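Below are some notes on the model, set out as numbered points for discussion. They begin with a question about one of the pockets and then turn to the overall form, the aromatic pairs and a backbone angle.

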Amino acid sequence: MAEQVLIQFRADKALKQEVSEIYERLGMDLPTAFRMFMAKSKMVKGLPFEAMLPENTITRTEAKNAFHELREQAADVPEMSLEEINAEILALRTERRG
């Protein structure tokens, strides 16, 4: 057997708990899952999953401006009563079924 080393790192406690529970349901512990991750990384000579930045990204300021613009547009939309909303929902459901 090859010489073994201890690997340590810090992780968010809640995240660690969540993924530990997932691996337990799969019948393994966290160290086994990490060994599998490293073995697969060696096989593919990289990350064992696709890792790339999204093509379209927006800045926080752009998102905030878009939100405010949508709110301004929505300000012109007339208020609907609960009965009107429910009637529209019922009409759409009926249309989908028919």
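Which helices each supply at least two residues of the lining of the second largest pocket?

1. In this predicted model, the helices that each supply at least two residues of that lining are α1, which covers 13-25, and α2, which covers 30-44. Of the two pockets discussed here, the second largest has a volume of about 260 Å³, and 13 residues line it, with Phe9, Ala11, Lys16, Leu30 and Phe34 the closest to its centre. The greatest contribution to this lining comes from α1, which gives five residues. Sorted by class, the lining of the second largest pocket holds eight nonpolar residues, four charged ones and one polar one.

2. The largest pocket has a volume of about 520 Å³. Its lining consists of 14 residues, and those that lie nearest the centre are Val5, Ile7, Pro31, Arg35 and Met38. Eleven residues of the lining of the largest pocket are nonpolar, two are charged and one is polar.

3. As for the overall form, the protein has four helices and zero strands, so that, by the way in which such elements are assigned as DSSP runs, the order from the N terminus on reads α-α-α-α. The radius of gyration of the protein is 25 Å, whereas a compact globule of 98 residues would have one near 13 Å. The C-alpha trace spans about 70 × 40 × 30 Å along the principal axes of the protein.

4. On the matter of solvent exposure, buried residues account for 5% of the 98 residues in the protein. The accessible surface comes to about 10100 Å², and carbon and sulfur atoms hold 57% of that surface.

5. The count of aromatic pairs in the model comes to two. In one of them, the ring centres of phenylalanine 9 and phenylalanine 34 are 5.4 Å apart and the planes stand at 55°, which is why this pair is classed as tilted. The pair links distant parts of the chain, since phenylalanine 9 belongs to the segment before α1 and phenylalanine 34 to helix α2, with their positions 25 residues apart in sequence. Phenylalanine 9 has a relative accessible area of 54% and is therefore exposed, while phenylalanine 34, at 35% relative accessibility, counts as partly exposed. Both residues also appear among those closest to the centre of the second largest pocket.

6. The rings of phenylalanine 37 and phenylalanine 49 have their centres 6.2 Å apart and their planes at 45°, and this pair is therefore tilted. Because phenylalanine 37 lies in helix α2 and phenylalanine 49 in the loop between α2 and α3 (60-75), the pair ties together parts that are twelve residues apart in sequence. Phenylalanine 37 is partly exposed, at a relative accessible area of 36%, and phenylalanine 49 likewise counts as partly exposed, at 46% relative accessibility.

7. A last point concerns the backbone at lysine 45, where phi is near 55°, a positive value in a residue other than glycine. Lysine 45 is placed in the loop between α2 and α3. With a relative accessibility of 76%, lysine 45 counts as exposed, because the cut-off for that class is over 50%.

Methods: Residues numbered from 1 in each chain as written. Predicted model: local features only at pLDDT ≥ 70, side-chain atom pairs only at ≥ 80, totals over all residues. Heavy atoms only, no water. 1 Å grid on protein atoms, 1.4 Å probe; cavity = no way out; pocket = protein on both sides within 12 Å on 5 of 7 lines; lining within 4 Å. Points joined across faces, edges and corners; volume = space filled by probe spheres on them. Nonpolar A, V, L, I, M, F, W, Y, C, P; charged D, E, K, R; others polar. Rg over C-alpha atoms; globule rule 2.2 N^0.38 Å. Buried < 20%, exposed > 50% of the residue type's maximum accessible area, 1.4 Å probe, protein only. Areas by Shrake-Rupley, 256 points an atom, 1.4 Å probe, with all protein chains shown as cover. Phe/Tyr/Trp six-rings, centres within 6.5 Å; stacked < 30°, edge-to-face > 60°.
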